[in-house]
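Dear colleague,

I am handing over the structure below, together with a short account of what was found in it. Please look through it first, and then read on.

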2 protein chains.
Amino acid sequence: MAGATLDFWFEFASTYSYLSAMRIQDLARRCDVVVRWRPFLLGPIFAAQGWPTSPFNVYPAKGRYMWRDMDRLTKARDLPFTRPDPFPRNGLLAARIALAAGPQMPAFCRAVYTAQFGGGADIADPQVLQNCLAQADLSVTLLDAGQDPAIKTELRHQTDRAIALGLFGAPSFTVGEEVFWGDDRLEAALDWAAPD
Amino acid sequence: MAGATLDFWFEFASTYSYLSAMRIQDLARRCDVVVRWRPFLLGPIFAAQGWPTSPFNVYPAKGRYMWRDMDRLTKARDLPFTRPDPFPRNGLLAARIALAAGPQMPAFCRAVYTAQFGGGADIADPQVLQNCLAQADLSVTLLDAGQDPAIKTELRHQTDRAIALGLFGAPSFTVGEEVFWGDDRLEAALDWAAPD
């Protein structure tokens with residue numbers, strides 16, 4: 001199936017998006033699927049559902065479970081894991097920079113996720129993001145994307161598109177209109193994109 | 001690992017519990033895990049979160065996704081699937097009968113899930129449950145469990161225990177205090193109960 005593509009919708013503040021960001025390229029390569037990385041913002045989507053913050057804060061039992069689940073999953077996958085405090089971090093600036101990162105977007109995103117969930121760093125801090133740019137061999141001038149009107153508009157459009165697709169959480173994967181939600185659906189989404 | 005046990009927490013109205021109910025015995029047998037079937041009620045747990053009905057109704061985007069996800073999963077697993085209308089059904093009577101069903105509880109539960117999600121039947125209807133009892137080789141007199149004060153108390157206690165364990169959805173699986181949520185965590189829960 002040459003030409004199979006999958007859209008990977010992620011929010012930088014999302015714990016489970018970290019899990020997918022760290023493994024999606026390897027998995028996709030194995031089944032010849034091209035991944036389009038699509039940062040978007042969950043904030044507006046959660047706000048529309050009446051949640052002023054992450055549902056993991058709004059619903060404490062769900063939150064407690066998520067942190068334990070992340071402990072188990074990161075351990076099983078040999079990924080570093082530190083709980084950011086406070087949670088969630090603000091991923092707006094990181095998302096804008098990601099949109100400006102071109103072919104290096106995946107490398108930049110992995111650096112951001114690792115800084116945040118591996119090291120507990122505040123990804124709203126430009127200094128943290130500067131280090132992430134360096135790790136992805138990108139110029140520090142990309143920090144300016146945070147103030148670029150075209151990039152701001154692009155991120156808003158991307159979030160609108162996520163809403164139009166029916167997305168309500170992250171990570172999500174789409175193949176055309178077909179939606180898969182959650183890191184545990186990544187394999188199913190890839191299989192949908194490129195059936196054996 | 002002789003003696004490994006896993007508690008399977010399910011709500012009859014829950015779509016994803018259907019998926020687990022239909023496969024848990026076979027999977028558990030393969031890894032020598034004894035499953036304790038624990039019906040409980042999500043209604044009081046959802047109400048405490050401010051939801052008057054299933055979150056799949058409260059949050060329409062999540063609901064639309066769930067139905068599509070169930071379509072895909074039941075097809076992949078060769079399970080019949082009909083969307084109950086209205087949804088959710090009231091699983092109270094079925095849960096009380098299940099608690100009275102003794103060693104035949106799993107067979108009764110599978111019959112209830114198949115009637116509801118395979119055939120779209122209303123599992124609050126005593127006639128439907130009478131058929132389910134017959135399919136599990138149980139006496140129709142178990143319908144009386146719906147009015148049995150001891151059974152009513154037992155179901156309330158079971159739901160209280162679910163809350164104490166931090167459960168917030170179904171299916172959930174517990175191994176001691178360790179909680180796994182969702183049909184897609186069943187394998188991980190079994191592996192926790194009986195590591196290779």
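A good place to begin is the rotation axis: of the residues of chain B, Asp184(B) comes closest to it, with its C-alpha at 3.6 Å. Please keep in mind throughout that this is a predicted model.

The axis itself comes from comparing the two chains, since a rotation of 180° with 0.0 Å of shift along its axis superposes chain B on chain A, with an RMSD of 0.0 Å. The two copies are therefore related as by a two-fold rotation axis.

As for how the chains meet, the contact takes 11 residues from chain B and 11 residues from chain A. On the side of chain B that touches chain A, α5 (60-76) and β4 (178-181) of chain B each supply at least two residues, and α5(B) gives the most, with 4 residues. Sorted by class, that side of chain B has 6 nonpolar, 2 polar and 3 charged residues. Because 100% of the interface residues of chain B are also interface residues in chain A, the copies meet through the same surface.

Within chain A, helix α10 (residues 186-193) may also be worth your time, for Leu186(A), Ala189(A), Leu190(A) and Ala193(A) are buried there. These residues cover an arc of only 100° around the axis of the helix, which means that they lie on the same side of α10(A). The elements of chain A against which the buried residues of α10(A) pack are β1 (5-10), α1 (15-21), α2 (24-30), β3 (172-175) and β4 (178-181).

With best regards

Definitions and conventions. Residues are numbered from 1 along each chain as its sequence is written. Chains are lettered from A and ligands numbered from 1 in the order in which they are written. This is a predicted model: local features need pLDDT of at least 70, side-chain atom pairs count only at pLDDT 80 or more; totals for chains, interfaces and linings use all residues. Copies are superposed by least squares on the C-alpha atoms of residues with pLDDT of at least 70 in both. Two residues are in contact if their C-beta atoms, placed from the backbone, lie within 7 Å. Ala, Val, Leu, Ile, Met, Phe, Trp, Tyr, Cys and Pro count as nonpolar, Asp, Glu, Lys and Arg as charged, and the others, Gly among them, as polar. A residue is buried if 20 or more other C-beta atoms lie within 10 Å of its own, exposed if 12 or fewer, and partly exposed in between; C-beta atoms are placed from the backbone. The arc is that of the directions from the helix axis to the C-beta atoms.
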